Amino acid sequence: MKRLLFILPIIAFVGLAGFLGYGLTQDPKALPSQLIDRPLPAFALPGIDGPVLASATFKGEPRLLNVWASWCAACPQEHPVLERIAQEGFPVYGIAWKDKPEDSRAFLARFGNPYAGLGMDQSGRTAIDLGVTGAPETFVVDKKGRVRFKQIGPISPEQWEGEIKPLMLQLRAEA
Amino acid sequence: MTRLLLALMLAPMLAIAAPAAAVLPDEMLPDPAQEHRARAISKDLRCVVCQNQSIDDSDAPLARDLRLLVREQIAKGKSDAEVRDYVVARYGNFVLLKPPVEGDTLLLWAGPFAVLILGAIGIALWQRRKPATSSADAPLSEAERAELDRLR
């Protein structure tokens, strides 16, 4: 009994240390998306030079929806990955979040335009409907128009190869 | 003396100085009652960019958008609960600075009480065991008395 009482604090300490240690590996800033497995919220945003980008477009084929802005620091870093994704034949759509059309245009002229369709969300209301907390964020939308995955922050080439591309291929194979 | 005077002068000023909120005049609703409700709701909603501030306190552009959204919903005649649900539907329970009591928040809410009860049980056990192990109050044995007499 005495020995047990002696060991108890050690067990408690190891347990607490393990629990806190596990906490260190988690990102406390990552918020779970409310949209996973739910339909993409309805929106119809004016295009920058082309047609309106509407949520109804996201049907029939898995697509990526990238929320970005010319003022976003991490977006130029992510942009080559988006270009590569588009070149590999996966459709990428964009929402320019609270951005001036001339700034978005200058950004695309400088870094290239991987977007199959682009909407301007100048009020930021669509971004709120999407639960966006910062740019860039990218949604994977399946054939039925449901959100299946949300990436917060820039997509790295490794993430595209290891995580998102396999998911896109799996969604393509889905009925 | 001058210090005391200064302190006396400063005290009422500090007492009336409310913490500065981020709400700008152009965001406010014309109806003071509605604006009051909007402020109360905003104080309970977390700014998702800065995370440990309410949207009422935060200068982040997204916090401003959410404040405007809260006011827009109130102006539409939505109740406080409906406005809160509208934001929770988009950002989840995380935006509530006071999360509701649910399955996954049970540990958060019940944890402190569980620790308190465990501590109380521990103390009760310890207290009950104490008299048995303590020999301070027991009368001296014959051998001890003899030893004491020898030392005297």
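**Exercise 1. In what order do the five strands of the open sheet in chain A stand?**

Before we start, a word on the ground rules. This is a predicted model, in which local features need pLDDT of at least 70 and side-chain atom pairs count only at pLDDT 80 or more, while totals for chains, interfaces and linings use all residues. Residues are numbered from 1 along each chain as its sequence is written, and chains are lettered from A and ligands numbered from 1 in the order in which they are written.

Step 1. Get the vocabulary straight. Helices (H or I, at least four residues) and strands (E, at least two) are DSSP runs, numbered from the N terminus. Two strands pair if DSSP finds at least two bridges between them.

Step 2. Read across the sheet of chain A: the order is E5-E4-E3-E6-E7, with mixed pairing.

Step 3. Find the edges. They are E5 (117–121) and E7 of chain A, each of which pairs on one side only.

Step 4. Add the twist, which averages 20° from one strand to the next. For angles, axes are lines fitted to C-alpha atoms (for helices over the stretch in contact), and angles run from 0 to 180 degrees between N-to-C directions.

**Exercise 2. Walk across the sheet and say which neighbours run parallel and which antiparallel.**

Step 1. Recall the background: strands of a sheet pair through backbone hydrogen bonds, either parallel or antiparallel.

Step 2. Begin at the E5 edge. E4(A), residues 92–97, is joined to E5(A) by five bridges, and the two run parallel. Look for A:Trp97, which stands opposite A:Asp121 in E5(A).

Step 3. Move on to E3(A), which runs parallel to E4(A) and is joined to it by five bridges. Here A:Leu65 has A:Tyr93 in E4(A) as its bridge partner.

Step 4. Now the sense changes: E3(A) and E6(A) pair antiparallel over five bridges. A:Asn66 has A:Thr138 in E6(A) as its bridge partner.

Step 5. Finish with E6(A) (residues 137–141) and E7(A) (residues 147–152), antiparallel and joined by five bridges. A:Val140 stands opposite A:Phe149 in E7(A). These two strands form a hairpin with five residues between them, and A:Gly145 in the turn has a positive phi of about 80°.

**Exercise 3. Why is E3(A) largely enclosed by the rest of the structure?**

Step 1. Set the cut-offs. A residue is buried if 20 or more other C-beta atoms lie within 10 Å of its own, exposed if 12 or fewer, and partly exposed in between; C-beta atoms are placed from the backbone.

Step 2. Count: six of the six residues of E3(A) are buried, so the strand is largely enclosed.

Step 3. Check the faces. In a regular strand the side chains alternate between the two faces of the sheet. In E3(A), A:Arg63, A:Leu65 and A:Val67 are buried on one side, and A:Leu64, A:Asn66 and A:Trp68 are buried on the other.

**Exercise 4. Where does A:Lys143 sit, and what does it touch?**

Step 1. Place it: A:Lys143 is in the loop between E6 and E7 of chain A.

Step 2. Classify it. A:Lys143 has 15 C-beta neighbours inside 10 Å, so it counts as partly exposed.

Step 3. List its contacts, where a contact means that the C-beta atoms, placed from the backbone, lie within 7 Å. Leaving aside neighbours within four places in sequence, A:Lys143 is in contact with A:Gly60, A:Glu61, A:Pro62, A:Leu171 and A:Glu174.

**Exercise 5. Describe chain B and the side of it that touches chain A.**

Step 1. Tally the elements: chain B has six helices and zero strands.

Step 2. Count the meeting residues. Twelve residues of chain B are in contact with eleven of chain A. Helices H3 (61–75) and H4 (80–91) of chain B are the elements giving two or more residues to this side, and H3(B) gives the most, with four.

Step 3. Sort by class: this side of chain B has eight nonpolar, two polar and two charged residues. Ala, Val, Leu, Ile, Met, Phe, Trp, Tyr, Cys and Pro count as nonpolar, Asp, Glu, Lys and Arg as charged, and the others, Gly among them, as polar.

Step 4. Check the confidence. pLDDT is the predictor's confidence in each residue, from 0 to 100. Chain A averages 91 and chain B averages 84. For the complex, the predictor gives an ipTM of 0.77 and a pTM of 0.75.

Definitions and conventions: Contact = placed C-beta atoms within 7 Å.
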